[in-house]
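Reader: I am new to this structure and would like to learn how to read it. Could you take me through it one feature at a time?

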Amino acid sequence: MQSGNDSATEANFDGLVGPTHSYSGLSLGNVASTSNRQAVSNPRDAALQGLDKMLRLAELGFVQGVLPPHFRPALSVARRLGFSGTDAQVLKDIQAQAPYLLGSLSSASSMWTANAATVTPSADSRDGRVHFTPANLNAKFHRSFEHLTSGRALAATFRDDSFFAHHEALPAVAQFGDEGAANHTRLCAQYGKPGVHFFVYGREGFDTHSPRPARFHARQTLEASQAIARQHGLSAGQCVFALQSPAVIDAGVFHNDVIAVGNANVLFYHEAAFHDEQRCLGELTSAYEQSAPDGPAFTPIRVASETVSVADAVASYLFNSQLLSRHDGAMLLLVPVECERNPRVRQYLEDLVDDQSQPIREVLYADLTQSMLNGGGPACLRLRVVLTPEEQAAANPACFIDHERHKTLSDWVKRHYRDRLTPQDLADPALLGESQAALDELTGLLNLGSIYEFQR
């Protein structure tokens, strides 16, 4: 573990929505995903909404990056399932023989890069490098093969092995179910100083008698979180492991980032988020004070059920927000517009900003309707990576967003993406060709190299 760097900052790397963005209702336990199954989607709007959010944060002075979509339909997976012939023939045979596979093989769910990996900054790792472990996402078939391209994309973005370390995904078995940074929060006095890693899990993989939800499957295991901590060289004193409330998982909180979000010294959470709230807060306070004895105090912001119910939190994605620190230390909360449309949540946010005793000073609303309809808000769309100036300089410069990059990518989207996509369109061979052409061009625009199977 390093002593830290005062000039380090947190960069947000958002997933660029792919050309096959669609509503197939694949994510049981995600209320929005299943509720909008078979609806008509707009991939062009989805990608542009995401890019506009990226630019908005870049304009506010935050370091903003972009990660590429994955190639879909995933024909390499289809071939592993026994389909053969030309790409067009494989697509035709899937539609004829196993149409239930089409939505899964075409899903653009890689847009939610909070699930792409877990990241440890150099200030915390034993070898002083930034560590990445792609999530195996083995709880859902349509996401279980994402780690291959995610790993290649991260390696192409963070190439210099003197600064960055890349690990393989954990074994893809139930006992090591890993959903990435959606269940991981880092708390710290400063981004470049040593921090506390807060891992939230839904069940224990090997102890089948431990608490777990009754209605929906808990995707993250304790054992997966512990394994990643070991991979990244974290000590026991740097980590807190907490069980997510089984009841909120059954209420549609499929990841911890739907019920809690943290940044720097602040944890913004719903009172129902954790199985043992007081023990969780006690362990976080103790670990934080050890890591930052001279820093600002650990500040939990607790939202009571009587103020915002779990149902309202899930419907509005209040906690699936981005909590960001400005240069003066004041924090802003970027939330989806659904929060503004919910009267109880909007009133809570107005009261929150009026409360000068806490550090959140501003609320920004973002229109991410296309993503929200599929069950992913602002926090789902971004992977947080703390970088020192030297690490940022060593990262792929083509993946950072500014006005020029935003325009280039927006023009690319407008040229290649459809503005209307039905579930039936996923079987269209023309869509397959459009996706290949689009992503082939994108690898050049982002200087990624050959990260897609069809380019090999």
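Author: Happy to. Let us begin with contact, which means heavy atoms within 4.5 Å. Leaving aside residues up to four places away in sequence, Ala156 touches Asn396, Leu448 and Ile451. Before we go on, please keep in mind that this is a predicted model, where local features need pLDDT of at least 70, side-chain atom pairs count only at pLDDT 80 or more, and totals for chains, interfaces and linings use all residues. Residues are numbered from 1 along each chain as its sequence is written, and side-chain values use heavy atoms, with hydrogens and water left out.

Reader: Where is Ala156 placed, and how far is Ala156 from Ala395 in sequence and in space?

Author: Helices (H or I, at least four residues) and strands (E, at least two) are DSSP runs, numbered from the N terminus. Ala156 belongs to helix H6, residues 146-157. Ala156 and Ala395 are 239 residues apart in sequence, and their C-alpha atoms are 8.7 Å apart in space.

Reader: Is Ala156 buried or exposed?

Author: Buried means under 20% relative accessible area, exposed means over 50%, and partly exposed lies in between (1.4 Å probe, protein chains only). Ala156 has a relative accessible area of 8%, so Ala156 is buried.

Reader: How do I apply that to a whole helix, and how many residues of H7 are buried?

Author: Helix H7 spans residues 222-231, and 7 of its 10 residues are buried, so the helix is largely enclosed by the rest of the structure. Those buried residues are Leu222, Glu223, Ala224, Ser225, Ala227, Ile228 and Ala229. Their cover includes strand E3 (117-120), E4, E7 and E8. After H7 comes Gly233, which has a positive phi near 75°.

Reader: You mentioned E7 and E8. How many bridges join E7 to E8?

Author: Two strands pair if DSSP finds at least two bridges between them. Strand E7 (residues 195-201) runs parallel to E8, and 5 bridges join them. Within this pair, Phe199 stands opposite Phe241 in E8. Strand E8, residues 239-243, is mostly covered, as 4 of its 5 residues are buried.

Reader: What is a disulfide, and how many are there here?

Author: A disulfide is a covalent bond between the sulfur atoms of two cysteines. The rule used here asks for a pair of cysteine sulfur atoms within 2.5 Å, and the count comes to 0 disulfides. Take Cys239: the closest cysteine sulfur, in Cys280, is 14 Å from its own, so the two are too far for a bond. Cys239 is buried, with a relative accessible area of 10%. Cys399 counts as buried too, at 0% relative accessibility.

Reader: Which backbone details should I look at?

Author: Start with the peptide bond from Arg72 to Pro73, which is cis, with omega near 5°. Pro73 sits in the loop between strand E2 (63-67) and helix H3 (75-80). Then look at Leu137, which is not a glycine but has a positive phi of about 50°. Leu137 lies in the loop between strand E4 (130-134) and H6, and counts as buried at 2% relative accessibility. Tyr317, again not a glycine, has a positive phi of about 60°. Tyr317 is in the loop between helix H10 (310-316) and E12, and at 3% relative accessibility Tyr317 counts as buried.

Reader: How do I tell a cavity from a pocket, and how many cavities of 30 Å³ or more are there?

Author: On a 1 Å grid over the protein atoms alone, a cavity is a set of points where a 1.4 Å probe fits but cannot get out, while a pocket is an open set with protein on both sides within 12 Å along at least five of seven lines; lining residues have an atom within 4 Å of a point. Grid points are joined across faces, edges and corners, and a volume is the space filled by probe spheres set on the points. There are 4 cavities of 30 Å³ or more, and the largest cavity has a volume of about 280 Å³. Of its 22 lining residues, Glu10, His184, Thr185, Arg186 and Arg384 are the closest to its centre.

Reader: And how much space lies in the largest pocket?

Author: About 500 Å³. The largest pocket is lined by 25 residues, with Tyr191, Ser325, Arg326, His327 and Gly329 nearest its centre.
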